[in-house]
Amino acid sequence: MTKIICAPGSYIQGAGEIKKLASYYQELGTKGAYMMIGHHAYVHDLDDIESSFKEANVPFTSAVFGGECSSEEVEKHQKQLGECDVVIGIGGGKTLDAAKAVAFYAHLPVIIVPTTASTDAPCSRLSVLYKPNGEFDAYLPLRANPDMVLMDTDIIAHAPVRFLMAGVGDALATYYEAAACVKSDALTMPGGHVTKAAFALATLCRDTLFEDALKAKASVENKVTTKALENIVEANTYLSGLGFESSGLAAAHAIHDGLTVIPETHQYLHGEKVAFGTITQLVLEDRSLEEITKVIKFCKACHLPTSFKDLNMENVSDELLLKAATEACSPNDTMGNMPFEVTPEDVVAAMKTANTLSQTIA
């Protein structure tokens with residue numbers, strides 16, 4: 001039996017790290033950095049992003065990410081690379097996934113610089129592609145994990161708290177999906193079986209979230225960096241990233257992917273929808289009411305969706321719910337990693353039950 005655990009070449013976390021970006025680039029390239037920058041980071045952080053390159057006289061190109069990690073967006077940036085020999089993605093999850101895809105197709109190293117801790121995507125050898133209208137398209141497996149992941153906690157502390165909590169929602173799924181994959185002996189994203197190390201990271205991720213998420217939320221609300229925030233940045237990014245990739249995904253992320261066909265959910269972040277997917281997975285597994293209640297209360301305290309109302313789905317028809325559930329159960333998604341058969345009808349029933357349970361829990 002093949003077991004695989006994978007990780008980025010380097011993971012760097014600390015205050016002010018983005019101001020050292022040129023020196024990190026020089027560990028990998030010489031001809032020039034192609035920086036794909038999310039709109040918010042381009043508006044608010046461009047001076048810090050470019051300053052080290054200008055001071056060191058290192059060539060670079062700055063390009064604004066278009067907003068959707070689609071094949072069309074990836075192709076656009078591929079055509080703009082010129083002589084640049086390293087791709088640097090700076091921004092939120094879709095910006096980073098697009099940068100990884102550009103580097104993959106161009107056979108170039110990639111540095112990932114999240115400006116929020118909103119997903120566990122930065123460390124992974126995977127890009128999630130969407131259609132231009134925001135619907136889930138496909139998973140793009142990559143040859144390797146990013147060469148470097150750089151987390152500047154100063155920037156993250158000043159980002160909207162909603163992004164940090166979305167990262168908590170994404171990371172919350174890690175342990176529960178990993179546990180399902182252990183039971184089913186599922187293949188992970190790299191094509192191996194779960195290692196004890198990966199499952200230990202997934203477990204530590206869960207424990208860290210329950211211990212420090214609300215303290216980290218208070219830190220970001222005050223735009224300060226604390227030990228709790230440092231711990232949650234690591235949990236959202238590194239622990240969850242390695243935990244999900246080397247342990248596997250299951251129902252929670254499949255349900256997220258299904259929800260993308262419902263237009264009413266497009267305004268919500270990846271991790272927000274994953275949080276509801278996690279609660280739905282717990283219902284599918286018939287976990288104890290005590291455990292489901294603990295997760296729902298935790299999500300509510302983190303301002304994460306736990307009901308149809310929270311996702312603007314109160315008036316969604318049963319027909320559209322079934323369409324989303326059918327998408328979640330697609331053979332190309334990760335529902336098949338559950339340790340028992342799950343039908344679209346099962347998913348609809350679990351979503352409705354999760355919704356009702358949420359309404360009964362203060």
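Modeller: Rings of Phe, Tyr and Trp pair if their centres lie within 6.5 Å. With that in mind, Tyr25, Phe53 and Phe60 form one aromatic cluster. Please remember as we go that this is a predicted model.

Biologist: Thanks! How many aromatic pairs does the structure hold?

Modeller: The structure holds 10 of them. One is formed by Tyr130 and Phe136.

Biologist: What makes Tyr130 and Phe136 an edge-to-face pair?

Modeller: Their centres are 6.4 Å apart, and the cut-off is 6.5 Å, so the rings count as a pair. The planes are 85° apart, and an angle over 60 degrees counts as edge-to-face, so that is the name this pair gets. Both Tyr130 and Phe136 are buried.

Biologist: And why is the pair of Tyr175 and Tyr176 called edge-to-face?

Modeller: By the same reasoning: the centres are 5.2 Å apart with 80° between the planes, which is within 6.5 Å and over 60 degrees, so the name fits.

Biologist: How do you know whether Tyr175 is buried or exposed?

Modeller: Tyr175 has a relative accessibility of 14%; buried means under 20%, so Tyr175 is buried. Tyr176 has a value of 3%, and therefore it is buried too.

Biologist: What sits over the ring of Tyr175?

Modeller: The charged end of Arg206 does, 4.1 Å from the ring centre. Likewise, Lys94 lies over the face of Tyr130, at 4.2 Å from the ring centre. Both distances are within the 6 Å limit for a charge over a ring.

Biologist: Let's turn to the cysteines. How do you know that Cys181 is in no disulfide?

Modeller: The count for the structure comes to zero disulfides. For Cys181, the nearest cysteine sulfur is that of Cys6, 14 Å away, whereas a disulfide needs the sulfurs within 2.5 Å, so this is not one. For Cys299, the nearest cysteine sulfur belongs to Cys302 at 6.7 Å, and that is also not within 2.5 Å, so Cys299 is in no disulfide. Cys181 has a relative accessible area of 0%, so it is buried, and Cys299, also at 0%, is buried as well.

Biologist: Now the strands. What makes strand E5 mostly covered?

Modeller: Five of the five residues in E5 (residues 110-114) are buried. Val110, Ile112 and Pro114 lie on one side, with Ile111 and Val113 on the other.

Biologist: How do you know that E4 and E5 pair?

Modeller: Five bridges join E4 (residues 86-91) to E5, and pairing takes at least two, so they pair. The two strands run parallel, and Gly89 stands opposite Ile112.

Conventions. Residues numbered from 1 in each chain as written. Predicted model: local features only at pLDDT ≥ 70, side-chain atom pairs only at ≥ 80, totals over all residues. Heavy atoms only, no water. Buried < 20%, exposed > 50% of the residue type's maximum accessible area, 1.4 Å probe, protein only. Helix = DSSP H or I, 4+ residues; strand = E, 2+ residues; numbered from the N terminus. Phe/Tyr/Trp six-rings, centres within 6.5 Å; stacked < 30°, edge-to-face > 60°. Lys NZ or Arg CZ within 6 Å of the ring centre and 35° of its normal.
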